[in-house]
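Biologist: I am new to this structure, and I would like a close look at a single part of it. Please begin with one residue and then work outward, so that I can place it within the whole.

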Amino acid sequence: MDLVALADFNLVARYGGFGKAARATGRPKATLSRRVTELEAALQLRLFERGARNLKLTEEGRALHERTAALLTELDETAATIAAGGDKPRGRLRISAPLLFSQTAMGRIAAGFALKYPDVRLEVTTEDRAVDMIEEGYDLVIRVNPDPDESLVGRVFLHDRLVVVASPDLPRPAADLSVPGVVRGGGDRQTWNVVTSEGPATIGIEPILALSSLIMVRDAVRTGVGAARMPISLVSHDLADGTLLHWGNIEGSEIALWALYPSRRLLSARVSAFLDFLKQAFPNGTPDELAAYIGR
C-alpha cells in the first residue's frame, strides 16, 4: 500500500473534503484527489461517496480511516523522535475530560503539564458525553465510572464518593418526613439511602431546585435552601469549616475517574507523560487530593 496515498486519504477524511484538506495543509487539491483515486484503484474499493456538494466516507472508507489514521500519526512521531535523538514528549495531545473535573482541577493540571513539557501542545475539551476516540481524534479521555469498552484500556487515577450535605440552619427531617432538596437535573420526590454512624437511614427529598451543574448545586446548598447529594471532594472544605453538615454517605456511590486510551495503539510518549503527571498530582487517588485543587 502506498503510504503517501494513504496519508492523503486520511487528510481528506479528517477535514471532510478535498478543498478543506487542501486549504488546511497547503497540499494541492488535484494531488489529493489523484492520490485518493489511486488508492481506491489499488484497493479496488470506493472510499468516498462523492456528491455534488458533499463528500462522505463509505463504510469501507470509514473502517480504513479508523484503523490507519492513528498508526500514521505514530509513524510520523516516531520518525520525529528519532530525528530529535530521544523520546522527549512532543506534538499535539488531545484530551476529553468531564465537566466537573475540568472546572475544579484540569486548568491547574494542564498548566503544570505545559510548563513541564513545553514541546507538547495540549488541547483539552470539556464534555460529559461518551466520545469516539478514534473518530474524533482524541489521544486520551477522562471519564467517571465508564462502561466497559474492549477497544479502550486505561487506569483509575482518582476516587470519590457521594454524600448528603446541608446547611446547619436546615433541620434534619424525621423518618417519615421529607426535606427540601437541591438536585442535579430534575425529578419528582425521591428518597436517598444513606449510611450514617448510627447505621442505614432514608432521607425523603422534595426537590425545590433542579440545576445542571454540581458547582451550582453546591453554591445553592450553602445558602440553606435545601439538602444536596454531592461528591465529598467538592464540599470537603465546607465540612471542615462547619458551613455544611454531613448527613450520611450515599450507599453504593463509589466514583472512579479513569484515564482511557485506545488499546490497539502504542502508548505514545506524550500520553505516557500525562498519565505519569496525573499520578504525581494524585499519588493516592483520594478525595482529599482532589479537594486540594478546589477553592473554598
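Modeller: E38 sits in helix α3, which spans residues 29-43; helices here are DSSP runs of H or I with at least four residues, strands are runs of E with at least two, and both are numbered from the N terminus. This is a predicted model, in which local features need pLDDT of at least 70 and side-chain atom pairs count only at pLDDT 80 or more, whereas totals for chains, interfaces and linings use all residues. Residues are numbered from 1 along each chain as its sequence is written, and side-chain values use heavy atoms, with hydrogens and water left out.

E38 counts as partly exposed because its relative accessible area is 34%, and that class lies between buried (under 20%) and exposed (over 50%), as found with a 1.4 Å probe on protein chains only. Although E38 and A5 are 33 residues apart in sequence, their C-alpha atoms are 7.4 Å apart in space.

Stepping back from E38, the protein chain as a whole has ten helices and eleven strands. Of its 296 residues, 42% count as buried. Its C-alpha atoms fill a box of roughly 75 × 45 × 30 Å along the principal axes, and its radius of gyration is 25 Å, where a compact globule of 296 residues would be near 19 Å; the radius is taken over C-alpha atoms, and the globule rule is 2.2 Å times the number of residues to the power 0.38. Among contacts (heavy atoms within 4.5 Å) with a separation of 6 or more in the protein chain, 74% join residues 24 or more positions apart.

The interior can be described through its nonpolar cores, each a set of buried Ala, Val, Leu, Ile, Met, Phe, Trp, Tyr and Cys residues joined through side-chain atoms within 4.5 Å. The largest of these has 43 residues, and F101, I109, I142, F157, F274 and F282 touch the most other members. Helix α9, residues 269-281, gives this core its largest share, seven residues. Looking at F157 more closely, and leaving aside its neighbours within four places in sequence, one finds F157 in contact with F101, I142, L257, W258, A259, L278, F282 and G285. Apart from this core lies another, of 17 residues, which includes V36, F48, L64 and L72. In soluble globular proteins, nonpolar side chains tend to be buried together.
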